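Subject: Structure handover

Hello,

Here is the structure I promised to pass on. My notes follow below it.

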Amino acid sequence: MENQIESLNAQFALTDELRFQPGENGLPKAQINNGLASAEVYLQGAHITAFQPRGSEPVLWMSSLAQFQRNKAIRGGVPVIWPWFGPHAIDKHKPQHGFARTMEWQVSTTKTLPDGSTLLQLQLNDTSATRALWPHAFELNLTITVGTELTIELTSRNTGEKTFTAGGALHSYFAVGDVKKIHIDGLLGRHYIDQLDGNRIKQQNDAVYIREEVDRIYFDTEDTCTEGICAIFDAQLLRQIYIKRSGSHTTVVWNPWENKAKAMADFPDGGYRQMVCIETANAVDDVRHLAPGETHTLSQIIGL
Ligand code: BG6
């Protein structure tokens with residue numbers, strides 16, 4: 001572990017701006033601090049666990065009970081979901097939300113950009129472990145840019161000889177003052193699958209208010225959020241978080257509410273009040289079919 005951190009720093013550290021260090025339970029993480037913001041990224045899952053623009057409160061919610069165990073999903077931040085969203089379509093023994101969030105990624109690039117933001121790129125390739133779960137050759141790159149905004153771009157490439165189909169999501173957990181005092185704009189008029197009501201299709205007739213457990217997949221949301229209109233209005237923290245997205249037609253909104261929060265070992269009982277997930281997704285019929293050599297980029301930009 002010490003050797004891994006030393007060699008990562010020797011190859012990729014950017015003086016005081018980006019350094020690798022042992023995180024919780026010794027899992028390696030990158031700590032980024034520049035003039036614009038700070039952030040933290042675990043190599044396991046290429047998982048962003050913190051983002052905070054200078055002079056602002058944290059934008060992402062992290063569970064105080066997150067487990068940080070090798071090969072286990074980390075609760076909070078921005079889990080990278082790939083190559084399937086939700087339970088596996090055929091085999092329920094395969095991990096929920098795919099395997100990208102529980103595997104250790106490799107660092108490929110670090111860079112200071114001209115505007116003072118910091119770029120960190122991580123890569124995941126197929127191995128015998130991934131092929132046992134999903135029999136395809138691939139290259140996955142996550143490019144994270146930490147500036148006044150947080151930009152996350154997930155590019156999947158088919159490096160094999162047969163077309164594959166992949167879904168996924170940037171499963172962002174946002175920090176809010178009190179979930180009962182927020183509303184989400186940008187989804188008005190859209191249809192969604194209500195995963196808590198027999199997958200019935202419903203229409204959003206108002207802004208989204210969270211007053212109970214919510215688990216919805218909204219369709220046709222590719223044109224929302226391009227002008228920063230997909231936003232969380234937070235009446236308690238007196239702020240607005242915007243999410244601009246591309247490469248995605250589906251948006252997932254999730255809050256486990258009280259009973260489900262209590263049932264999750266890595267989720268504090270009352271934690272549902274301080275978070276909401278808005279996920280930039282490729283779910284249901286928005287999965288992507290990539291021929292050999294083809295790529296697809298799913299991206300989101302988060303800002304205040
Ligand atoms: C959401 C799903 O994306 O993720 C929910 O729509 C799920 O159904 C939630 O409960 C959390 O999933 P996990 O695997 O991280 O507990």
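What radius of gyration does the chain have, and why does it agree with a compact globule? The chain has 18 Å, and a compact globule with 304 residues would have a radius of gyration near 19 Å, so the two agree. The radius is taken over C-alpha atoms, and the globule rule is 2.2 Å times the number of residues to the power 0.38.

Some ground rules. This is a predicted model, so local features need pLDDT of at least 70 and side-chain atom pairs count only at pLDDT 80 or more, while totals for chains, interfaces and linings use all residues. Residues are numbered from 1 along each chain as its sequence is written, and side-chain values use heavy atoms, with hydrogens and water left out.

Overall picture

The chain has 21 strands and 3 helices. Both are DSSP runs numbered from the N terminus: helices are H or I with at least four residues, strands are E with at least two. The C-alpha trace spans about 55 × 50 × 35 Å along its principal axes.

Of the 304 residues, 54% count as buried. Buried means under 20% relative accessible area, exposed over 50%, and partly exposed in between (1.4 Å probe, protein chains only). The exposed area of the chain is about 13200 Å². Carbon and sulfur atoms supply 46% of that area. Areas come from the Shrake-Rupley method with a 1.4 Å probe, and for residues only the protein chains shown count as cover.

Take contacts in the chain with a separation of 6 or more: 64% of them involve residues 24 or more positions apart. Contact means heavy atoms within 4.5 Å.

On charge, there are 27 positive and 35 negative ones, and their mean positions are 4 Å apart. Lys and Arg count as positive, Asp and Glu as negative; His and the chain ends are not counted. Each charge is placed at NZ of Lys, CZ of Arg, CG of Asp or CD of Glu.

Aromatic rings

The structure holds 15 aromatic pairs. Rings of Phe, Tyr and Trp (its six-membered ring) pair if their centres lie within 6.5 Å; planes under 30 degrees apart count as stacked, over 60 as edge-to-face and the rest as tilted.

One pair is Trp61 with Tyr173: the ring centres are 5.8 Å apart and the planes are at 25°, so this pair is stacked. Trp61 sits in the loop between β4 (47-53) and β5 (80-81), and Tyr173 in strand β11 (residues 168-175), so the pair ties together parts 112 residues apart in sequence. Trp61 is buried, at 8% relative accessible area. Tyr173 is buried too, at 2%.

There is also a cluster. Ring pairs link Trp82, Trp84, Phe99, Trp134, Phe138 and Phe164.

Backbone points to check

Most residues other than glycine have a negative phi, and most peptide bonds are trans. Three places here stand apart from that.

- Trp82 and Pro83 are joined by a cis peptide bond, with omega about 0°. Pro83 is in the loop between β5 and β6 (106-112).
- His97 is not a glycine, yet its phi is positive, about 65°. His97 lies in the loop between β5 and β6 and is buried, with a relative accessible area of 8%.
- Leu238 is also a residue other than glycine with a positive phi, near 55°. Leu238 is in the loop between β16 (231-234) and β17 and counts as exposed, at 73% relative accessibility.

Three residues in context

Val253 is in strand β18 (residues 250-255). Val253 is buried, at 0% relative accessibility. Leaving out residues up to four places away in sequence, Val253 touches several residues, among them Ile184, Leu187, Ile210 and Val276. Val208 is 45 residues from Val253 in sequence and 9.1 Å away, C-alpha to C-alpha.

Ser246 is in strand β17 (residues 239-246). Ser246 is partly exposed, at 37%. Beyond its neighbours within four places in sequence, Ser246 is in contact with Thr297, Leu298 and Ser299.

Glu213 lies in the loop between β14 (200-203) and β15 (214-218). Glu213 is partly exposed, at 25%. Not counting residues up to four places away in sequence, Glu213 touches Leu196, Asn255, Pro256, Trp257 and Lys260.

Best regards
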